[in-house]
Amino acid sequence: MTETYEVVVVGGGPAGLSAALVLGRARRRTLVVDAGEPRNEPSAHLQGYLSRDGMPPAEFLAVGREEIARYGVELVRDRAVDATRAEDFTVVLASGRTVRARQLVVATGLKDELPPVPGLAERFGRDVIHCPYCHGWEARDRATGVLASSPTSVHQALMVTQWSKDVRFFLHEVRETELADEDRRRLAAAGVTVVPGPVAEVLAEEDRLTGVRLADGMVHDREVLYVAPRAVPQNALLVRLGAELRETPFGSFPVLDERGLTTVPGLWAAGNAGGFAEQVVNAASRGYRAGAAINGELLFADLDAAVRV
Ligand SMILES: Cc1cc2nc3c(=O)[nH]c(=O)nc-3n(C[C@H](O)[C@H](O)[C@H](O)COP(=O)(O)OP(=O)(O)OC[C@H]3O[C@@H](n4cnc5c(N)ncnc54)[C@H](O)[C@@H]3O)c2cc1C
């Protein structure tokens, strides 16, 4: 049997839960489908969210789940594997359950694909980090490395000098001659030491990062290593439903209006499913905005239909 909701939200991270909170409070019959793999899961603390700074990410989500439950929103631990659109949306879950909704919010986030350097992945979110706004304060004044792993890595190396004056930029697979003159000059002006040669391994002792070993055997003592993971937008449902995408240096994200509506009527995106740069507070804000806009859409669609009768 296919159950019908007014809104189905796919993804129960900050964006999806925030949309669901508004919709629940607006008395909309709402289902959240969440696979339970939030992006910041590797980190012990979530930073930079006013009034929640330092809260464990799992606690943040647990509070959010309690809040939506107060307003009758259902949440199911499952994965949306397919969706189609006729008059309504039909969403197929991995469990085999099928649900229908008048409006669909995709808040599926993105995945971080790390460079395949031995020892790196297991330390991600702790002392191998990607974002100075998330972790820079905690990593301040540490012996810092930056692994060149994307075209934005020079920018990252320059940025982190705001948090540490001891920064080594490991060129890894980038040849020294590939650095633009302007980048070289800026790195020098910022006091960043450029280290050529491939990185062979990230070293750790007693569960703490201790250094970076180059392929030639040279070890650089470091306490923190920044990387720029490749962003993999979780956009399969948006693609399946025909939403127009825009190419960015960080992957393909949906074209959205200011409220989060895609180019497909009734299909919304929020949080990292809608853009690379959304931090937790922005993701929650986008979810809120989409939730409020959806409530208005449903209300006026029903009024218009009543007026036509
Ligand atoms: C290591 C790390 C640390 C970070 N630290 C911070 C920080 O301190 N402060 C900060 O502001 N930001 C931080 N971020 C960024 C933060 O993780 C994102 O801003 C935030 O997670 C975006 O929220 P979201 O709701 O869009 O996505 P997510 O939090 O990733 O939630 C998406 C949810 O959707 C689910 N999902 C995906 N596909 C499906 C599907 N098909 N069906 C059902 N469910 C699905 C996922 O399992 C997940 O539960 C950090 C990121 C990383 C990688």
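Trainee: Let's start at Trp-137: what makes Arg-140 count as lying over its face?

Mentor: This is a predicted model, and in it Arg-140 is 4.0 Å from the ring centre of Trp-137. The limit for a charge over a ring is 6 Å from the centre, and the charge must also be within 35 degrees of the ring normal. Arg-140 is listed as lying over the face of Trp-137. Arg-29 lies over the face of Tyr-5 in that way too, at 4.3 Å from the ring centre.

Trainee: How many aromatic pairs turn up in the whole structure?

Mentor: Three. Let's look at two of them, starting with Tyr-49 and Phe-60.

Trainee: Why is the pair of Tyr-49 and Phe-60 called tilted?

Mentor: Their centres are 5.4 Å apart, and rings pair if the centres lie within 6.5 Å. The planes stand at 55°. Under 30 degrees would be stacked and over 60 edge-to-face, so what is left is tilted.

Trainee: Which parts of the chain does the pair of Tyr-49 and Phe-60 tie together?

Mentor: Tyr-49 sits in the loop between β2 and α2 (57-70), while Phe-60 belongs to helix α2, so the pair links parts 11 residues apart in sequence. Tyr-49 and Phe-60 are both buried.

Trainee: And what makes Tyr-133 and Trp-163 an edge-to-face pair?

Mentor: The angle between their planes is 85°, and over 60 degrees counts as edge-to-face. Centre to centre, the two rings are 5.6 Å apart. Tyr-133 is in helix α3 and Trp-163 in the loop between α4 (153-159) and β10 (167-170), so this pair ties together parts that are 30 residues apart in sequence.

Trainee: Is Tyr-133 buried or exposed, and how do you know that?

Mentor: Exposed: its relative accessibility is 57%, and the class begins over 50%. Its partner Trp-163 comes out at 18%. Buried means under 20%, so a value of 18% fits that class.

Trainee: What makes Thr-108 partly exposed?

Mentor: Its relative accessible area is 27%, and partly exposed is what lies between the 20% and 50% limits. Thr-108 is in the loop between β6 (98-106) and β7 (110-113). Its C-alpha is 8.3 Å from that of Ala-270, a residue 162 positions away along the chain.

Trainee: Why does His-172 get a mention for its phi?

Mentor: Its phi is positive, about 55°, although His-172 is not a glycine. Glu-206, another residue other than glycine, has a phi near 45°.

Trainee: How do you know which class of burial each belongs to, His-172 and Glu-206?

Mentor: Set the values against the limits. His-172 has 11% relative accessibility, which falls under 20%, so His-172 is buried. Glu-206 has 80%, which is over 50%, so Glu-206 is exposed. His-172 is in the loop between β10 and α5 (181-189), and Glu-206 in the loop between β12 (199-205) and β13 (208-214).

Trainee: There's a ligand too. What makes the approach of Ala-80 to the ligand a polar contact?

Mentor: A backbone N or O atom of Ala-80 is 2.9 Å from a ligand nitrogen, and the limit for such a pair is 3.5 Å. Ala-15 has a backbone N or O atom 3.0 Å from a ligand oxygen. The protein buries 97% of the 990 Å² that the ligand exposes when taken alone.

Trainee: How many residues surround the ligand?

Mentor: There are 35, and Asp-34 and Glu-37 are among the closest. By class, the shell has 13 nonpolar, 15 polar and seven charged residues.

Methods. Residues numbered from 1 in each chain as written. Predicted model: local features only at pLDDT ≥ 70, side-chain atom pairs only at ≥ 80, totals over all residues. Heavy atoms only, no water. Near = heavy atom within 4 Å. Polar contact = N/O pair within 3.5 Å; in protein donor to acceptor, adjacent residues only side chain to side chain. Areas by Shrake-Rupley, 256 points an atom, 1.4 Å probe, with all protein chains shown as cover. Nonpolar A, V, L, I, M, F, W, Y, C, P; charged D, E, K, R; others polar. Phe/Tyr/Trp six-rings, centres within 6.5 Å; stacked < 30°, edge-to-face > 60°. Helix = DSSP H or I, 4+ residues; strand = E, 2+ residues; numbered from the N terminus. Buried < 20%, exposed > 50% of the residue type's maximum accessible area, 1.4 Å probe, protein only.
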